[in-house]
Amino acid sequence: MIIYGVALLAFCYITGQLLGEYLGLLIGVNANVGGVGFAMLLLVLINDWLHKKGYLDALTEAGVQFWSQMYIPIIVAMAATQNVRVAVSSGLIALFAGLVPVIICIATIPFLSRLSRPTPTQSHGDSH
Amino acid sequence: MEILTKFLDKNGLVFAFLVVGVIMYGSGILSVKLTHKKIPGSAIAILIGLVLAYLGGIYSNGQKGLADVPFFSGFGLMGGAMFRDFAVVSTAMGASLLVMRSTGWVGALSLFLGIVLSFLGGVLVALLWGYTDTESLTTIGAGACTYIVGPVTGAAVGASSDVIALSIAAGVVKTIVVTIGTPFIARSIGLDNPHTAMIFGGLMGTTSGVTAGLAATDPKLVPYGALTATFYTGLGCLLCPSVLYLLMRMVFG
């Protein structure tokens with residue numbers, strides 16, 4: 001059933017986000033630390049396990065896949081709710097304070113990805 | 001008119017589905033007809049979203065772009081953190097655990113580098129603009145991480161409210177720059193595989209920017225970028241008001 005997939009996703013989301021909240025509390029930060037990341041790892045692991053056991057049917061998977069298809073439309077809606085007015089009207093310092101770090105960080109990407117070239121079999125075989 | 005306003009307010013989310021669907025459809029046509037698919041439809045749709053956010057912000061003087069315009073309040077829910085994170089998590093379904101594992105340590109390194117470099121970049125810009133006090137410099141540097149790290153840090157170190165507002169603006173600019181810029185620079189920085197996407201997510205850190213930028217570049221890369229980016233804001237809130245602030249005080253007194 002579709003709802004099994006949605007519920008599975010919800011379970012991973014709730015568990016991961018809660019973990020992120022508590023981790024934030026634990027290290028004394030007023031923010032969620034890695035909640036989405038934990039939820040994603042959980043989903044990958046559970047999905048893998050269910051797959052091996054043969055518990056996953058097409059409809060259950062469709063319940064998760066629906067949301068990953070909805071992802072871009074949701075991002076469009078998110079883009080439409082950004083505070084673009086403030087970003088545009090805050091003048092040059094905000095523009096540069098936002099732009100310069102991006103340029104600096106982009107410059108280090110080739111260096112970092114070369115630093116850790118995955119083994120050839122992985123770099124070519126897994127980019128599905 | 002009053003009935004329509006009330007109706008759309010009550011059914012905001014469903015109306016947002018409809019409007020976004022129309023935007024996506026229009027962007028798809030624009031992508032084919034105007035750019036011969038050189039610019040993906042999703043990138044155009046996101047750009048239209050940003051323009052609408054700007055217009056909505058001007059119209060309503062609010063902070064949430066189009067969502068502050070009465071008819072379009074549903075955008076706030078559809079584009080809010082809950083739906084966004086729920087959808088981001090679902091993209092992990094097709095992700096490869098092997099790649100995640102093999103990128104693990106570089107992903108962590110890219111997180112730390114991303115925060116420190118963004119912070120320094122922000123501090124540098126603030127210095128050039130004539131800020132000299134440690135609190136303001138630290139807060140603007142933190143805002144260069146993400147628009148959440150900025151105000152959290154500003155409140156912690158006791159910066160003035162206009163500097164905090166500035167740090168938020170810097171963070172929003174960063175999000176927009178990453179959103180728009182990613183598809184254009186992707187090829188030249190080798191951003192075409194999960195491995196680099198994880199490094200990219202860790203370096204940039206703005207979850208909204210990274211996920212939107214990657215979605216416009218190649219939706220398959222989204223889960224990898226999101227996986228590292230999700231740790232960024234938390235780590236930034238940890239490092240900026242503590243270690244980085246102390247270092248700043250040692251340098252600037």
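What follows is a walk through the two chains of this model, from the overall build of chain B to the contact with chain A. The model is predicted, so everything below is read from computed coordinates.

Chain B is a good place to start. This chain is built from helices, with 12 of them and 0 strands, and from the N terminus on the elements simply run α-α-α-α-α-α-α-α-α-α-α-α. Its radius of gyration comes out at 19 Å, close to the 18 Å that the globule rule gives for 253 residues, so chain B is as compact as a globular protein of that length. Along the principal axes, the C-alpha atoms of chain B fill a box of roughly 60 × 50 × 30 Å. As for packing, 59% of the 253 residues of chain B count as buried. The contacts also reach across the sequence: taking those in chain B between residues at least 6 apart, 62% join residues at least 24 apart.

The domain assignment splits chain B into domain 1, covering 2-83, and domain 2, covering 96-252. The centres of these two domains of chain B, taken over C-alpha atoms, are separated by 26 Å. Where they meet, domain 1 of chain B puts in 6 residues and domain 2 of chain B puts in 7 residues. On the domain 1 side of that contact in chain B, 5 residues are nonpolar, 1 is polar and none is charged.

Within chain B, helix H3 and what comes after it deserve a closer look. H3(B) has 20 residues and spans 28 Å from its first C-alpha to its last, close to the 28 Å expected at 1.5 Å a residue. Right behind H3(B) comes B:Asn61, with a positive phi near 60°. B:Asn61 takes on this positive phi although it is not a glycine. The residue belongs to the loop that links helix H3 (41-60) with helix H4 (74-78) of chain B. B:Asn61 counts as exposed because it has 9 C-beta neighbours inside 10 Å, and the cut-off for exposed is 12 or fewer.

Chain A has a domain split of its own, into domain 1 (1-82) and domain 2 (83-117). Here the centres of the two domains of chain A, again taken over C-alpha atoms, are 28 Å apart.

Now for the place where the chains touch. The contact takes in 70 residues of chain A and 96 residues of chain B. On the chain A side, helices H1 (2-26), H2 (35-53), H3 (58-69), H4 (71-79), H5 (84-89), H6 (91-115) and H7 (120-125) each supply at least two residues. H6(A) gives the most to this side, with 19 residues. Sorted by class, the side of chain A that touches chain B has 46 nonpolar, 21 polar and 3 charged residues.

A single residue of chain A gives a feel for this contact. A:Ala77 is found in helix H4 of chain A, one of the helices that supply residues to the side touching chain B. A:Ala77 is buried because 32 other C-beta atoms lie within 10 Å, where 20 or more is the cut-off. Setting aside neighbours within four places in sequence, A:Ala77 is in contact with B:Ala16, B:Val20, B:Gly49, B:Phe75, B:Met78 and B:Gly79.

Key. Residues numbered from 1 in each chain as written. Chains lettered and ligands numbered in written order. Predicted model: local features only at pLDDT ≥ 70, side-chain atom pairs only at ≥ 80, totals over all residues. Contact = placed C-beta atoms within 7 Å. Helix = DSSP H or I, 4+ residues; strand = E, 2+ residues; numbered from the N terminus. Nonpolar A, V, L, I, M, F, W, Y, C, P; charged D, E, K, R; others polar. Rg over C-alpha atoms; globule rule 2.2 N^0.38 Å. Domains from an automatic or database assignment. Expected span 1.5 Å × (residues − 1).
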